[in-house]
Amino acid sequence: MIDLIREYWLTFLIGQYPNGPLGGLAMTIILAFCGLLASFPIAVLFALARVSPWKALRIVSGTVVNFVRGIPLLMLIFWCYFAIPLATGYAVSGFWTLVCALTIYEAAYLSEVVRSGIQAIPKGQLEASRSLGGSYALTMRSVVLPQALFNVLPGMASQFVSTIKETSLGYVISVNELTFAANQVNNLVLTQPLQVFTILACIYFVLCFSLTQVLGRIEAAIRRRRGLI
Amino acid sequence: MSDTVPGSTPMVRFDAVDKWYGDNHVLKNINFEVAKGEVVVVCGPSGSGKSTLIRTVNRLEPIQKGKIYLDGQDIYAPSLDVNAFRQRIGFVFQQFNLFPHMSVLDNVTFAPLKIQKRPRGEAEAFARELLERVGLAAKADAFPGFLSGGQQQRVAIARALALNPPVMLFDEPTSALDPEMVGEVLQVMRSLAREGITMICVTHEMGFARDVCDRVVFMDEGQIVVDAAPDAFFENPDHPRVRRFLADILPRH
């Protein structure tokens, strides 16, 4: 296994780059990061829509979120793969297809995390801001969301970790990411599939675990600063 | 307290106000006035509607019948800007409701900076002055999580004063506090009362009522049953419900 790592670590890390497309772990991180970056604002908007005072907005956003949560990601990836070229008239790369599918999927799940955070904020916080003369928008922006997003950091972290793992499904539409790289290595070596996929598992684990740890520490530091237990 | 001008517009006026929660009739035909500069204590057994009453004054609770006026203005007039109207009323909650993600100073400057868009220097200077007045100037940069209940409530009072409202409403401001912290909050309220700000306080602190307020309003089952000067209220409680209430509550103080 050490030999495998010694020989193919660059493939695991960056795929064929610079002699081919960027791939491997680097691509996995970029995919997950793009997915999170795009899905976060959408998730916050959907969460706000789901708790809004306007019923129509609540119904529409609730329907969308529940629909997306009710379908498998793999199906959504296939669907994007065929639907985006039809809708836009352009051939879209596997990378953008996957980013698009991940964004839709993560936004739906993340919006539920954010919504639970918003609803867990005591009513008194809202009343305090409103009784000072703060508008609904200001109250949401300056009082409710900052607390809600902070309180659901663990939930958002685990959602981000899921996103990292879900990028591996890009394999089915030949996106050059970590699992794809592992498969390439396996096709070259042929005789050691168990070892190759063990290395793959270890990389995913180290990445996800260290991310959870870092986010946990940041959260604890903020908690200490604010005197919250 | 003494600058009440006879015959001037009352600061707060309830005109035949009714409120229901579903079938539950929580405020029944409330008629009541608070003059400018007056300090009124509202008391009564729990469930009598006193918190609901005070929360209707800044529209935290809607009413179903009647009218409420703030300084002569109908607070349900369609033309009324509710956010501007609320800036004229300071509200202090039983549970303080400080913003835990902001420092003490940021809590107090929240309304001047974010709602009224005043210059930061001016807002902070006034906030520090207010914190000085409630005895917490040294805690300006602390987060509420590091403060005791009494300190938090004093910050909450400073926050409510940050827009210089002519009226302050207190909804059981000492009920969530440990007994040894009640005094520091009452002391701040006493000094406010002396400054001539109009105050309506829902409280069970009968010592405060006796010493500081101009009138005591006693509520029972959604109605105002007694509205009297403190001397008359405490010395000759002619209503049997008041006598029972005082007998229940006074031995504790």
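**Strand pairing in chain B and the interface with chain A**

In chain B, strand 1 (residues 12-21) is paired with strand 4 (residues 65-70) in the antiparallel sense, and five bridges join the two. The model described here is a predicted one, and the strand assignments are accordingly computed from predicted coordinates. Within this pairing, Arg13(B) is found opposite Tyr69(B), a residue of strand 4 of chain B. In general, the strands of a sheet pair through backbone hydrogen bonds, in either a parallel or an antiparallel manner. The pair belongs to an open sheet of four strands in chain B, which follow one another in the order 2-1-4-5 with antiparallel pairing. Because strand 2 (24-34) and strand 5 (73-74) of chain B each have a single partner strand, they stand at the edges of the sheet, and one side of each is left without a neighbour there.

Chain A is built from helices, with 10 helices and zero strands, so that its elements, read from the N terminus on, give the series α-α-α-α-α-α-α-α-α-α. Along its principal axes, the C-alpha trace of chain A spans about 70 × 45 × 30 Å. An unreviewed UniProt entry lists residues 25-215 of chain A under "domain: ABC transmembrane type-1". This span is 83% helix and 0% strand, and the C-alpha atoms at its two ends lie 20 Å apart.

The two chains meet at an interface in which 22 residues of chain A are in contact with 25 residues of chain B. The area buried between chain A and chain B is about 2000 Å², and carbon and sulfur atoms give 61% of this area. On the side of chain A, the residues that lose the most area to chain B are Ser131(A), Leu132(A) and Arg226(A), which together make up 31% of what that side buries.

Across the interface of chain A and chain B, one salt bridge is found, in which the side chains of Arg55(B) and Glu127(A) meet at 2.6 Å, N to O. Four residue pairs are in polar contact across the interface. The elements of chain A that give two or more residues to the side touching chain B are helix 6 (123-131), helix 7 (136-151) and helix 10 (193-226). Helix 6 of chain A provides the largest share of that side, namely eight residues. By residue type, the side of chain A that touches chain B divides into six nonpolar, 10 polar and six charged residues.

Technical notes:
Residues numbered from 1 in each chain as written. Chains lettered and ligands numbered in written order. Predicted model: local features only at pLDDT ≥ 70, side-chain atom pairs only at ≥ 80, totals over all residues. Heavy atoms only, no water. Contact = heavy atoms within 4.5 Å. Buried area = accessible area lost by both parts, 1.4 Å probe. Salt bridge = Lys/Arg side-chain N within 4 Å of Asp/Glu carboxyl O. Polar contact = N/O pair within 3.5 Å; in protein donor to acceptor, adjacent residues only side chain to side chain. Nonpolar A, V, L, I, M, F, W, Y, C, P; charged D, E, K, R; others polar. UniProt positions renumbered as here; feature names shortened; annotations may be inferred. Pairing = 2+ DSSP bridges.
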